[in-house]
Amino acid sequence: MTDTRPVPPTAARGASASGPRLQGVDVARALALLGMMAAHIGGIADTLDWSDPATWTAVAHGRPSTLFAVLAGVSIGLTSGRTDPPGPPTIGRLRARLAIRAAAVIAIGFVLIALDTPVYVILPTYGALFLLVIPVLRFRSVPLLAIAASCAVLSPIVAVAIAPAYADAGMVSVQLGLVYPVVTFLAYVLVGLAVVRAGLGRGRQIALLASGAVVATTAYVVGSVLAPLPDDAAFAFPGVPYAGEGSTPAQALAQLFLSPRDHSSSIVDVAGSAGVAVAVIALCTLVFDGRGRVAERIAFPLAAVGSMPLTIYSGHLVVIAMLREYPGSAVAWCWFALGSIVFAMLWRRFLGRGPLERAVGALAALVPVR
């Protein structure tokens with residue numbers, strides 16, 4: 001989630017030892033951040049019905065956090081050699097840096113949880129995912145995707161298995177592993193890492209866009225046909241499969257593995273939302289990377305937000321905690337989005353890296369790469 005690469009004050013020409021900064025990735029990250037804000041405070045619809053435009057805002061449920069997780073894998077890949085991860089001893093130092101970043105993200109996550117907002121904080125899960133990725137940091141795209149597929153198959157089984165342990169848990173415990181299940185989100189991070197290992201060049205971008213769209217469309221069509229959502233799906237708890245009242249064993253089994261509901265941890269949910277994330281990342285890099293200064297200027301407002309995800313994510317929760325009443329409307333989301341964009345643009349223009357990114361990067365830099 002945090003990007004430890006050094007960035008100069010100007011947004012478009014940042015570079016690192018791992019190669020030039022991909023502005024399209026920053027734009028995709030901004031979309032994830034703003035989408036998560038919409039899910040938190042946007043007053044969006046509970047369930048998505050493509051036949052009813054009034055419910056289309058419900059697309060912000062689940063998919064932005066998935067995009068965020070896939071982008072976490074992308075960031076890890078970009079800072080660990082891109083298509084050619086190094087061997088010993090450099091890879092060991094990169095793993096140590098990633099472990100430090102993980103610890104910092106977990107610590108920040110617990111601070112945000114302590115603010116006691118009604119928002120499920122994803123950062124502790126992210127930190128745990130960073131640690132789990134360390135052993136496979138040198139893997140190529142095919143084995144990474146194979147492990148991700150295994151996680152997708154195990155995802156609903158694990159979610160059902162651990163759910164009883166949270167029956168009487170408080171808000172803090174629920175945020176640690178239930179709403180954002182580690183097995184489910186590990187699949188997303190691995191997909192992002194696999195995307196970078198395969199390459200994000202011009203030809204790859206088109207292939208990734210097409211494959212992501214095909215996987216997402218196929219998954220959601222199969223899920224909608226074989227496991228249509230129960231009428232009371234709006235009462236389902238995030239991260240846990242839900243069959244609905246009066247379901248037959250066959251219907252319950254279909255909901256377990258094939259439910260198209262967001263945050264259901266089903267195979268369809270994991271494959272579909274991961275496919276959407278890959279397609280969005282591919283489209284953003286295709287449109288904004290290597291397209292000249294005009295594209296850079298157009299992308300700058302969103303790229304600035306996406307260049308400091310830890311700062312923007314944490315900042316919006318701090319603001320929520322400071323408000324006397326919890327915001328919950330499209331108007332509130334517009335103000336949060338506008339504030340985030342203005343802050344990020346000014347900070348990046350005059351100060352460069354985001355404040356939390358700078359702090360986490362300084363900690364990680366205690367381990368020299370060479």
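Two residues are in contact when heavy atoms of theirs lie within 4.5 Å. The exercises below apply this term to a predicted model.

**Exercise 1. Describe the overall build of the chain, from its helices and strands to its contacts in sequence.**

Step 1. Begin with the secondary structure, where the chain shows 14 helices and two strands. Its radius of gyration is 20 Å, close to the 21 Å that the globule rule gives for 370 residues, so the chain is as compact as a globular protein of that length.

Step 2. Taken along the principal axes, the box filled by the C-alpha atoms is roughly 60 × 50 × 40 Å.

Step 3. Turn to the contacts between residues at least 6 apart in sequence, of which 78% join residues at least 24 apart.

**Exercise 2. Work out how much of the chain is buried, and which residues have the most contacts inside the largest nonpolar core.**

Step 1. Of the 370 residues in the chain, 52% are buried.

Step 2. The largest nonpolar core holds 87 residues, and those with the most contacts inside it are Ile-76, Ile-122, Leu-123, Tyr-126, Val-133 and Tyr-313. Helix H7, which spans residues 182-198, supplies the largest share of this core, namely eleven residues.

Step 3. For the surface, the accessible area of the chain comes to about 15700 Å², and 70% of that area belongs to carbon and sulfur atoms.

**Exercise 3. Decide whether Asp-26 and Thr-125 are buried or exposed, and list their contacts beyond four places in sequence.**

Step 1. Asp-26 lies in helix H1, residues 23-41. Its relative accessibility is 3%, and because buried means under 20%, Asp-26 counts as buried.

Step 2. With neighbours within four places in sequence left aside, Asp-26 is in contact with Arg-21, Leu-302, Ala-303, Gly-306 and Ser-307.

Step 3. Thr-125 belongs to helix H4, residues 123-133, and at 3% relative accessibility Thr-125 likewise counts as buried. Leaving out neighbours within four places in sequence, the contacts of Thr-125 are with Gln-175, Gly-177, Tyr-180 and Val-182.

**Exercise 4. Place Leu-356 in the model, and state how far it is from Ala-104 in sequence and in space.**

Step 1. Leu-356 is part of helix H14, residues 355-364. Its relative accessible area is 27%, which falls between the 20% and 50% cut-offs, so Leu-356 is partly exposed.

Step 2. Although Leu-356 and Ala-104 are 252 residues apart in sequence, their C-alpha atoms are 9.7 Å apart in space.

Step 3. Not counting residues up to four places away in sequence, Leu-356 touches Ile-108, Leu-310, Thr-311 and Ser-314.

Conventions: Residues numbered from 1 in each chain as written. Predicted model: local features only at pLDDT ≥ 70, side-chain atom pairs only at ≥ 80, totals over all residues. Heavy atoms only, no water. Core = buried A, V, L, I, M, F, W, Y, C linked by side-chain atoms within 4.5 Å. Buried < 20%, exposed > 50% of the residue type's maximum accessible area, 1.4 Å probe, protein only. Helix = DSSP H or I, 4+ residues; strand = E, 2+ residues; numbered from the N terminus. Rg over C-alpha atoms; globule rule 2.2 N^0.38 Å. Areas by Shrake-Rupley, 256 points an atom, 1.4 Å probe, with all protein chains shown as cover.
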